[in-house]
Amino acid sequence: MTAPVTAPPGGTDGKLHRTLTFRDLIVYGMLFIAPMAPVGIFGTLDAKSRGAVALVYIVATVAMAFTAFSYAQMVRVAPQAGSVYTYARVGLGEGPGFIAGWMALLDYLLIPAVAYLFSGIALHALVPSVSQWVWTAVAVVVTTALNLAGVRTAAAVGFLVLAMEIAVLLVFVACAVFALAEHGARRGLLSPLTGEGDFAMGAVVAAVSVAVLSYLGFDAIAAFAEEAAGGSERVARAVMTCLAVAGVLFIVQTYLAALLAPMTAAELAADPAAQGSAFYDTVDSATGAWLHDLVAVSKAVGAAFAALAGQAAAGRLLFAMARDRRLPGPLSKVDPASGVPRIAVLGAAAVNLVAAVWAARRADGLDRLVSVVDVGALVAFALLHLSVIGWFAIRRRGRELRPVRHVVMPLLGLAVVIAVIVEASPMAQVVGGVWLAAGLGVLGAEALRRGPA
């Protein structure tokens with residue numbers, strides 16, 4: 001068995017505490033993903049796939065399983081904070097490692113900002129007298145305070161929130177099944193898997209490129225590798241478990257919603273304005289406004305705690321890069337009482353606050369943030385897959401190489417990631433390109449400063 005790679009010598013004095021249980025890891029992963037993540041994009045996926053929305057999530061779960069599998073391989077090799085930054089650094093070298101961390105950082109800083117904004121929008125809808133940006137700022141402050149209190153405290157509160165989200169989802173499932181038994185389905189029972197009318201695999205693939213964004217966040221589990229009691233095997237198992245649980249929840253809720261949808265996929269495709277509220281419209285028509293409000297409250301609270309998990313992961317990434325002297329040293333300091341990289345978490349929170357409040361005060365703020373959140377993680381995922389090949393096939397010179405596990409699976413995952421990047425919005429591609437260029441500039445400047453080896 002490959003010996004784990006230890007933290008490099010010469011780093012700063014930061015050391016994290018191993019206090020997270022398997023349940024805690026699942027809580028962080030599921031909070032970041034959110035059990036009802038498809039709610040906001042259900043209409044878009046239904047329209048794009050021509051009604052085969054449940055099949056979209058089946059394919060997306062399988063596609064993302066390649067990435068989860070690569071995480072499981074590398075967390076055993078390098079059970080450290082930093083996630084994909086650490087894995088690329090070990091598998092490909094210092095330069096690619098920095099770029100992987102740099103690209104993942106874009107995602108870890110912006111996804112929580114989007115989640116905070118979702119929370120602010122939902123809370124403003126429930127209490128219109130309080131401005132949207134105020135609710136957004138409150139969500140940032142409350143969840144940051146929980147993160148600073150320690151991972152166990154945040155995980156304990158997060159478990160309660162996750163339980164609430166799953167309970168709401170179960171209420172929806174029960175109501176949907178009752179509605180189907182009472183009134184029957186509005187579409188064919190197999191249509192969420194086969195589509196309405198002629199089946200088109202191209203349409204399903206196009207929708208998958210959007211659906212995989214629902215899964216961004218399961219990788220955050222790997223960021224807590226140094227805080228997990230039980231070691232890397234437990235982290236690897238948690239990554240795979242989280243993805244499987246999320247996949248089942250996504251498939252079930254979209255299958256039921258598709259059967260009860262008051263509009264056909266073709267009607268949604270012809271009316272883009274109706275796509276954003278399609279899930280809520282389905283709930284209204286099938287069960288009534290009370291469940292609509294319950295789902296809205298769940299999404300408001302759940303979004304804030306999805307941001308909590310993302311902010312915590314961002315803090316660990318900043319911590320790991322600072323410990324390796326790739327970012328300012330103070331970011332690697334750990335609070336002795338809470339075991340939290342306090343300065344790193346506060347730095348992530350500051351970026352979250354600025355981005356989320358800025359977007360909350362603009363009419364087009366949500367569109368601008370949402371359009372760019374995915375590309376950083378996708379580039380980091382690509383480097384993750386290459387890291388598996390780099391470590392087992394090149395750096396280990398084929399020792400312990402298992403071709404299917406260490407070459408074929410990562411290459412399939414890489415192909416999926418590249419396909420999704422190609423399908424990303426032009427704005428996301430531009431922002432990702434600019435951020436990548438900036439990272440290469442920082443890397444080049446550092447090389448010049450250090451001089452010849």
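This passage describes the salt bridges and a nonpolar surface patch in a predicted model.

In total, 7 salt bridges were counted in the predicted structure. Among them, the pair formed by R326 and E94 has its closest N and O atoms 3.2 Å apart. This contact links distant parts of the chain, with the two positions 232 residues apart in numbering: R326 lies in the loop between α13 (289-323) and α14 (342-360), whereas E94 belongs to helix α5 (residues 94-126). The two partners also fall into separate accessibility classes. R326 is classed as buried because its relative accessibility is 12%, under the 20% cut-off, while E94, at 39%, is partly exposed.

A salt bridge also joins R187 to E196, with a closest N to O distance of 3.5 Å. Here the arginine, R187, is buried at 8% relative accessibility, and the glutamate, E196, is partly exposed at 26%.

In the pair of R342 and D335, the side chains meet at 3.5 Å, N to O. R342 is partly exposed, with a relative accessibility of 31%, whereas D335 counts as buried because its value of 19% is under the 20% limit. Beyond such pairs, salt bridges with shared partners connect R89, E94, D324 and R326 in one network.

The surface also carries a nonpolar patch of about 330 Å², to which I58, V62, L190 and L193 contribute. Of these residues, I58 is located in helix α3 (residues 53-77). Its relative accessible area is 31%, so I58 is classed as partly exposed; this value also meets the requirement of over 30% for patch residues.

Notes:
Residues are numbered from 1 along each chain as its sequence is written. This is a predicted model: local features need pLDDT of at least 70, side-chain atom pairs count only at pLDDT 80 or more; totals for chains, interfaces and linings use all residues. Side-chain values use heavy atoms; hydrogens and water are left out. Patches are made of residues with over 30% relative accessible area and no salt bridge: like charges are joined within 9 Å, nonpolar side chains (Val, Leu, Ile, Met, Phe, Trp, Tyr) within 5 Å. Accessible areas come from the Shrake-Rupley method with a 1.4 Å probe; for residues, only the protein chains shown count as cover. A salt bridge is a side-chain nitrogen of Lys or Arg within 4 Å of a carboxyl oxygen of Asp or Glu. Helices (H or I, at least four residues) and strands (E, at least two) are DSSP runs, numbered from the N terminus. Buried means under 20% relative accessible area, exposed over 50%, partly exposed in between (1.4 Å probe, protein chains only).
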